[in-house]
Amino acid sequence: SYAINKKLRVRAGINKVNLGYSTNNVIVYDNIGGSDSPGLLRNIKLNEAGENLSFISIDEFNFLQVPGILNNFIESSIDQKLGFIEIPLELEYRISNKKMGISVIGGFSALFLTDNEIYSFFNGVSTLLGEATNINNTSFSANFGLGFDFKMSDKFILNLEPIFKYQINTFNNTSGNFNPYFIGIYFGL
């Protein structure tokens with residue numbers, strides 16, 4: 001950070017951010033005749049192993065095909081793992097500068113996509129399916145948070161910062177209004 005004056009600082013950095021999303025109660029299975037519904041997962045580029053897979057919701061099972069009691073023991077999901085390099089640029093305004101310091105933090109981050117994987121999870125087994133095609137390689141987030149620091153001595157300060165980050169233009173071609181955000185709690189000495 002760079003102190004402009006006693007109350008205002010400009011700060012920047014670099015972070016590695018890992019995020020994940022899960023869609024529960026989806027079963028992925030081999031379809032011998034090939035997938036009969038290729039548009040079902042329109043934002044996923046399946047790998048070679050995933051080209052002949054089919055997907056079904058547990059809720060769609062007919063009780064005549066699978067006894068209802070078995071449905072309670074099926075644990076399944078489609079999991080999305082994302083990784084970003086984050087470069088934040090923020091302003092920190094000092095409200096209180098006593099033994100317990102309080103600051104308001106605001107700014108934005110540039111997010112650069114590094115990891116993009118889709119997995120099928122079924123009863124403890126995870127299988128790589130491919131990657132999402134609706135994620136932008138570069139996106140941004142609006143950041144807002146509070147900073148709390150406690151002066152332990154002249155040389156040591158304990159710092160805690162809960163920060164809310166609202167992602168902007170991370171995804172395209174989504175169904176519905178998907179507005180992702182994440183909350184980070186930063187801690188330092």
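Buried residues account for 34% of the 189 residues of the protein chain, in a model that is predicted. The protein chain exposes about 12100 Å², and carbon and sulfur atoms supply 58% of that area.

**Overall build**

The protein chain holds one helix and 12 strands, and, read from the N terminus on, its elements follow the order β-β-β-β-β-β-α-β-β-β-β-β-β. When the contacts between residues at least 6 apart in sequence are considered, 69% of them join residues that are at least 24 apart.

**Two buried residues**

Two residues, Ser-103 and Gly-145, can be followed in detail, and the table sets out their places and their accessible areas.

| Residue | Strand | Relative accessible area |
|---|---|---|
| Ser-103 | β8 (residues 100-122) | 0% |
| Gly-145 | β10 | 3% |

Ser-103 counts as buried because its relative accessible area is 0%, and buried means under 20%. Gly-145, with a relative accessible area of 3%, is buried as well.

Which residues does Ser-103 touch, if residues up to four places away in sequence are not counted? Ser-103 touches Glu-92, Tyr-93, Arg-94 and Ile-95, and it also touches Gly-145, Leu-146 and Gly-147. With Arg-94 there is, in addition, a polar contact of 3.1 Å that joins the side chains of the two residues.

Seen from the other side, Gly-145 touches Ser-103, Val-104 and Ile-105, together with Pro-162 and Ile-163, again leaving out residues up to four places away in sequence. The C-alpha atom of Gly-145 is separated by 9.2 Å from that of Gly-184, a residue that lies 39 residues apart from Gly-145 along the chain.

**The second largest pocket**

The second largest pocket has a volume of about 290 Å³. Of the 18 residues that line this pocket, Arg-9, Glu-92, Arg-94, Asp-149 and Asn-159 are the closest to its centre. The elements that give two or more residues to the lining are the strands β2 (8-12), β7 (76-97), β10 (138-151) and β11 (157-168).

How many residues of the lining of the second largest pocket are nonpolar, polar and charged? The lining divides into four nonpolar, six polar and eight charged residues.

Arg-94 links the two parts of this account, since Arg-94 is among the residues closest to the centre of the second largest pocket, while its side chain also forms the polar contact with the side chain of Ser-103. Glu-92, too, is among the residues closest to the pocket centre, and Glu-92 is one of the residues that Ser-103 touches.

Key: Residues numbered from 1 in each chain as written. Predicted model: local features only at pLDDT ≥ 70, side-chain atom pairs only at ≥ 80, totals over all residues. Heavy atoms only, no water. Helix = DSSP H or I, 4+ residues; strand = E, 2+ residues; numbered from the N terminus. Buried < 20%, exposed > 50% of the residue type's maximum accessible area, 1.4 Å probe, protein only. Contact = heavy atoms within 4.5 Å. Areas by Shrake-Rupley, 256 points an atom, 1.4 Å probe, with all protein chains shown as cover. 1 Å grid on protein atoms, 1.4 Å probe; cavity = no way out; pocket = protein on both sides within 12 Å on 5 of 7 lines; lining within 4 Å. Points joined across faces, edges and corners; volume = space filled by probe spheres on them. Nonpolar A, V, L, I, M, F, W, Y, C, P; charged D, E, K, R; others polar. Polar contact = N/O pair within 3.5 Å; in protein donor to acceptor, adjacent residues only side chain to side chain.
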